[in-house]
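Me: I am new to this structure and would like a close look at a single part of it. Please start from one strand and its partners, and then go on to what can be said about packing elsewhere in the chain.

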Amino acid sequence: MQTFNRRQVLQTAGGGLGWLALQSMFHQQAAGASGTKRLDHPARAKAVIQIFCPGGMSQVDTFDYKPELEKRSGKPFDPDGKLQFFASKPGNCQASFWDFKQHGESGLWGSDLFPKLAKHVDDLAFIYSMQSKTALHGPACFMMNTGFTLPGFPSMGSWVTYGLGSESEDLPAFVVLPDPKGLPPGGIINWGAGFLPAVHQATTLDSRAGQQPINDLFPPKDFAEVDRASDQAGLDFLQTLNREHLAQRQGDTDLEARMSAYELAARLQLSAPELSDLSRESAATQEMYGMNDETTGDFGRQCLLARRLVERGVRFVQLYCGAENTTAKKIRPNWDSHEDVVRDHGHWGRVLDTGASALLADLKRSGLLDETLVICTTEFGRQPAAQGASAAGRDHNAGAFTAWLAGGGIKGGVGYGATDELGFKAIEKPTYCYDLHATALHLLGIDHTKLSFYHNGIQRRLTDVHGHVIPAILRS
C-alpha cells in the first residue's frame with residue numbers, strides 16, 4: 001500500500017488548490033489578531049483602491065501647471081552647468097507637451113492628456129508637493145508602498161489588513177492586480193507583508209480575460225480523477241488530518257492560519273470565477289471602461305475588477321498601470337519616458353484616463369465612492385528640462401511629483417502644496433509618503449501612531465517616526 005506524508009497530502013488533495021500561492025489568504029483567522037480591529041476614531045472609508053503608475057509620471061505634463069516653464073521653454077535650465085540629473089545633464093527648459101486648461105467649478109488645472117479625468121476634477125484632491133528620497137525606480141516604489149527605500153518592510157495594504165482585517169469571508173483582504181505586461185520595479189516585494197504575519201501579504205489575481213484568476217485554484221482539465229464530489233471528499237479528509245494535527249499543538253496560530261487558508265481556497269473555487277466573470281456587466285459599463293479597445297482594455301478590466309472586489313468586501317485593492325522598466329520597443333512598458341514623453345505618456349495617459357475615470361464614475365453611481373478611498377500615485381516625477389538629443393524626453397525627479405485622492409472622506413476640488421515656478425522641486429508643504437499613508441489610515445479610522453508591530457527591538461509603524469494627517473484635503 002502506497003503511503004503519503006502530510007506534505008504530499010496537502011499538495012495533492014483537491015487536485016490543485018494553489019497551496020503555495022494561497023498562503024496569503026489566511027485573512028479570516030488572523031485578521032487583526034495582533035492589530036487593532038478597534039477603530040481609533042470613526043472611519044470615513046471602509047476600503048482603499050490604490051492605482052500605482054510605475055516609471056515616474058511627469059507632474060508638469062499632467063496636473064502641475066507652470067506658466068513660467070512655458071515662458072522659459074527652450075532656454076537653458078541650468079546656465080551655470082552645476083546640476084546633474086539622475087541620468088543626464090539638464091537640457092533646456094521644456095514646457096508641457098500638452099496644453100493645460102482649468103476644469104470644473106474648482107477651476108483646477110489639468111492637461112489635455114486626461115480629458116476624461118478632467119470631468120472629475122471636483123471630486124479629486126491633488127497633492128502637488130510630493131517628494132521621494134530616491135530617484136531609483138525599485139527603492140522609490142518600495143518607499144511609496146512601504147515607507148522605506150529598502151525591501152523587507154510591510155506594504156500599506158498589509159498594514160491596513162493587519163489593523164482592520166477583511167469584511168469578506170470568501171475573498172482575501174488584500175488583493176493586487178499587476179499589469180498584464182509584468183510585475184512593477186521591485187516585483188512582489190511591493191506588496192509583501194515584511195515582518196508582519198504572512199497572512200497579511202497580498203494575493204495577486206490575474207486580470208486577463210480567459211485566465212484563471214489564481215494559478216492552480218482548479219484541477220487541470222485533463223485531470224479526470226478529480227471532480228467536484230471527489231474534490232470535496234479530499235478536502236474533508238484533509239480537514240480531518242488537520243484537526244488531529246492541531247489537537248496536539250493547541251495555540252499554534254500559524255497552523256490555524258494555514259488551515260484557514262485551505263478552507264478559504266475551497267470557498268474561492270466558487271467566489272473567484274463569479275468575481276472575474278465580467279460578462280455579467282452591461283455592455284455600456286464595459287464600453288465605459290474601454291474594455292473593447294486594444295490599448296485600454298487590460299487596465300479597464302483591472303479597474304472594473306477593483307470595483308467588484310471592494311463591493312464584495314475586500315479591504316485593500318492595488319492595481320498597476322505599467323510594469324517593470326525595460327527599453328522601449330514601440331513604447332516603454334511604463335511611464336519612464338527618457339526618450340519620448342509624447343510617445344510613452346501619450347499611450348499610458350490614455351490608458352489611465354479611460355480606466356480611472358470609469359472607476360470614479362462607477363463608484364459614484366453605485367454610492368461606493370463615499371466609503372472607498374481612491375489613491376493614484378507614482379514613485380517620483382520628471383524634470384522640467386528636456387532630455388536626449390531630440391529633446392523629447394524627461395529625466396527622473398525625486399524632488400517633485402503629484403498624487404491625487406478621491407472618495408472616502410476626501411474633499412474634492414482642492415490642491416495642496418506647491419512646487420517652484422518651474423515644477424522642479426516641492427517648496428510649499430513638502431509631502432512624503434508618510435503623510436499620504438497617515439492620511440489614508442486616518443480615513444480608515446486608524447491613528448497611524450498607534451498601529452504598530454514589535455520587531456527586532458523596535459515598535460515599527462508604516463509611517464516610521466514620521467507622518468502627519470493632511471486636514472486640508474479632508475471633508476469637514
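Reply: In this predicted model, a good place to begin is strand β5, residues 174–177, which pairs with strand β7, residues 316–320, in the parallel sense over four bridges. Within that pairing, F174 of β5 stands opposite F316 in β7. Strand β5 also pairs with strand β6, residues 203–204, again in the parallel sense, here over two bridges, and the bridge partner of V176 in β6 is T204. As for the side chains of β5, F174 and V176 point one way from the strand while V175 and L177 point the other way, and all of them are buried.

Since F174 brings an aromatic residue into view, the aromatic pairs are a natural next step. A pair of aromatic rings is described by the distance of the centres and the angle of the planes. Searching the whole structure gives 19 aromatic pairs, and one of them is formed by F63 and F126, whose rings are tilted, at 4.9 Å centre to centre and with 45° between the planes. This pair links distant parts of the chain, for F63 lies in the loop between β1 and α3 whereas F126 belongs to strand β4, residues 124–130, and the two are 63 residues apart. F63 has a relative accessible area of 7%, which is under 20%, and therefore counts as buried; F126, with a relative accessible area of 1%, is likewise buried.

A pair with another geometry is that of F148 and F153, whose ring centres are 3.8 Å apart and whose planes meet at 10°, so this pair is stacked. Both F148 and F153 are buried, and they belong to one aromatic cluster together with W159, Y162, F195 and F453.

Finally, there is the packing of helices to consider. Two packed helices are described by the angle between their axes and the distance between the axes. Helix α4, residues 137–146, packs with helix α11, residues 433–443, at an angle of about 30°, and their axes are 8 Å apart. Because angles under 35 degrees count as roughly parallel, α4 and α11 are roughly parallel to each other. On the side of α4 the contact is made by M143, M144, N145 and T146, and on the side of α11 by C433, Y434, L436 and H437. Sorted by class, this contact of α4 with α11 has five nonpolar residues, three polar residues and no charged residues.

Methods:
Residues are numbered from 1 along each chain as its sequence is written. This is a predicted model: local features need pLDDT of at least 70, side-chain atom pairs count only at pLDDT 80 or more; totals for chains, interfaces and linings use all residues. Side-chain values use heavy atoms; hydrogens and water are left out. Axes are lines fitted to C-alpha atoms, for helices over the stretch in contact, and angles run from 0 to 180 degrees between N-to-C directions. Angles under 35 degrees count as roughly parallel, over 145 as roughly antiparallel, 65 to 115 as roughly perpendicular and the rest as oblique. Contact means heavy atoms within 4.5 Å. Ala, Val, Leu, Ile, Met, Phe, Trp, Tyr, Cys and Pro count as nonpolar, Asp, Glu, Lys and Arg as charged, and the others, Gly among them, as polar. Buried means under 20% relative accessible area, exposed over 50%, partly exposed in between (1.4 Å probe, protein chains only). Two strands pair if DSSP finds at least two bridges between them. Rings of Phe, Tyr and Trp (its six-membered ring) pair if their centres lie within 6.5 Å; planes under 30 degrees apart count as stacked, over 60 as edge-to-face and the rest as tilted.
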